[in-house]
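I opened the notebook to look up how the strands, helices, core and charged pairs of this chain fit together. The entries below follow the order in which I looked.

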Amino acid sequence: MADTSVEDLKQQFHAALDAARTPAALKALRDDYLGRKHGRVTALVKSIATAPPEDRRTLGAAANTLKQQIEQALKAREAGVAADARPADALDVTLPGRRGWTGRRHPLTQVRERVEDIFMAMGYQVIEGPEVEDDWHNFEALNMPAAHPARDMQDTLYLSSPVPAPDDGRAATLLRTHTSGMQIRYMEQHEPPVRIIAPGRVYRRDNFDATHTPMFTQVEGLVVDEDITLGDLKGTLNAFAEEFFDARVATRFRPSFFPYTEPSAELDVECQGCSGRGCPLCKQTGWIEILGCGMVHPAVFEAVGYDPDRYTGFAFGVGIERLALRLYGVDDIRMFYENDLRFLEQVAL
Ligand code: DAH
């Protein structure tokens, strides 16, 4: 008789639970069964005291089990209902879905990869090398011997201390000031034909201001074979600029000087900020310099054991930050290093 009432109560509870679909209905159900004063299970438990002594043990056990089952079932349902407790009329099914927040690669990484993709499509191999460099690869083999005034062009961060004097014979170690040393490293290990790019970080003793950072990123390029001409250099770099800036950009080559190329040039692209009319970004010139380039100097070939009478080649060095500034129309390089999400989210490619 006691068992039957427990079983009945259990069935009634489950029927009621099936029907309870709102938080209010669940609360009413909880009161009805587990309420301290009038709860049905509470009453059942209380009735144990007045049951015949021989029934008390079974009745007590059954009542307790039921109480626990009801408690658990209510909890589970309450959690489920709370999760979709929104009133039906608050759900506007015509609203677009909410997109989850996803991270993305840093703008400088995206620009570097864009440069790599363009050159890889032209058959170039991407190579990498050390940021801690020696004097030979960074300067000497690039036609900048110890006394060469061109070394003054670069403010170098030396790691060896004290810095060995030029005639000391000991090689200085330094943080590479450009990626051009990768030309030497590659040619020392490989015979022509050469068609490589070498992206990487470089370091200079510069201030941290709107146009300078003591660390920045370059992509070096080198092509060597028989019969490589200035025409190949111009065609390749124009193709690169058109691809990078989406075809509509005008370019010009300006004569320049680098010790490791002869002749040397710099490539300007029409300013993206003003379409060539002149603005603060291009210092009113209408043009923005994006890379240095030239035909590989015979002295460089000699340093790596290539025959300068047989081989010719061209080289170039692109500044990734510069490309990024132009591409995004940003006028302060520090933005790329502060990593403010409000900035980073705006400059996704
Ligand atoms: N190394 C130069 C720089 O740091 C860039 C450069 C100029 C690289 C001319 C080259 C080159 O390979 O031919 O600004």
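Entry 1, strand register. I began with Asp225, which stands opposite Thr312 in β10; strands (E, at least two residues) and helices (H or I, at least four) are DSSP runs, numbered from the N terminus. Before going further I noted that this is a predicted model, in which local features need pLDDT of at least 70 and side-chain atom pairs count only at pLDDT 80 or more, while totals for chains, interfaces and linings use all residues. I also noted that residues are numbered from 1 along each chain as its sequence is written, and that side-chain values use heavy atoms, with hydrogens and water left out.

Entry 2, the partners of β10. I found β10 (312-319) joined to β6 by eight bridges, the two running antiparallel, and strands are taken as paired if DSSP finds at least two bridges between them. Further along this pairing, Glu220 has Gly317 in β10 as its bridge partner. I then looked at β9, which pairs with β10 in the antiparallel sense over five bridges, with Gly294 standing opposite Ala315 in β10. How far is β10 enclosed by the rest of the structure? Six of its eight residues are buried, so β10 is largely enclosed; buried means under 20% relative accessible area, exposed over 50%, and partly exposed in between, with a 1.4 Å probe and protein chains only.

Entry 3, the whole sheet. I traced an open sheet of seven strands in the order β1-β5-β6-β10-β9-β8-β7, with mixed pairing. Its edge strands are β1 (125-126) and β7 (251-258), each of which pairs on one side only. At the β1 edge, β1 and β5 pair in the parallel sense over two bridges, and Gln125 has Ile196 in β5 as its bridge partner. On to β6: ten bridges join β5 to β6, which run antiparallel, and Val194 stands opposite Val224 in β6. I added that eight of the ten residues of β5 are buried, so β5 is largely enclosed by the rest of the structure.

Entry 4, helices on the sheet. I looked up α5, which lies across β1, β5 (194-203), β6 and β10 and runs at about 170° to β5; axes are lines fitted to C-alpha atoms, for helices over the stretch in contact, and angles run from 0 to 180 degrees between N-to-C directions. I then found α10 lying across β6, β9 and β10, at about 60° to β10.

Entry 5, the nonpolar cores. A nonpolar core is a set of buried Ala, Val, Leu, Ile, Met, Phe, Trp, Tyr and Cys residues joined through side-chain atoms within 4.5 Å. Which residues have the most contacts inside the largest one? They are Ile290, Phe316 and Leu323, in a core of 43 residues. The elements that each supply at least two residues of this core include α5 (107-121), β6 (215-225), β9 (287-296) and α10 (320-328). Leaving aside its neighbours within four places in sequence, Phe316 is in contact (heavy atoms within 4.5 Å) with residues including Phe119, Ile197, Val219, Leu237 and Leu291. I also recorded a second, separate core of 24 residues, which includes Ile127, Tyr186, Ile196 and Tyr260.

Entry 6, charged pairs. I counted 17 salt bridges in the structure, a salt bridge being a side-chain nitrogen of Lys or Arg within 4 Å of a carboxyl oxygen of Asp or Glu. Glu78 forms one with Arg30, the closest N and O atoms being 3.0 Å apart. Glu78 lies in helix α4 (residues 53-83) and Arg30 in helix α2 (residues 23-34), so this pair ties together parts that are 48 residues apart in sequence. Arg252 forms a salt bridge with Asp268, the closest N and O atoms being 2.9 Å apart, and the pair links strand β7 to strand β8. Is each partner buried or exposed? Arg252 is partly exposed at 31% relative accessible area, whereas Asp268 counts as buried at 2%. Salt bridges that share partners join Arg252, Arg254, Glu266 and Asp268 into one network.

Entry 7, domains. I closed with the division of the chain into domain 1 (2-85) and domain 2 (107-347), whose bounds come from an automatic or database domain assignment. The centres of the two domains, taken over C-alpha atoms, are 77 Å apart.
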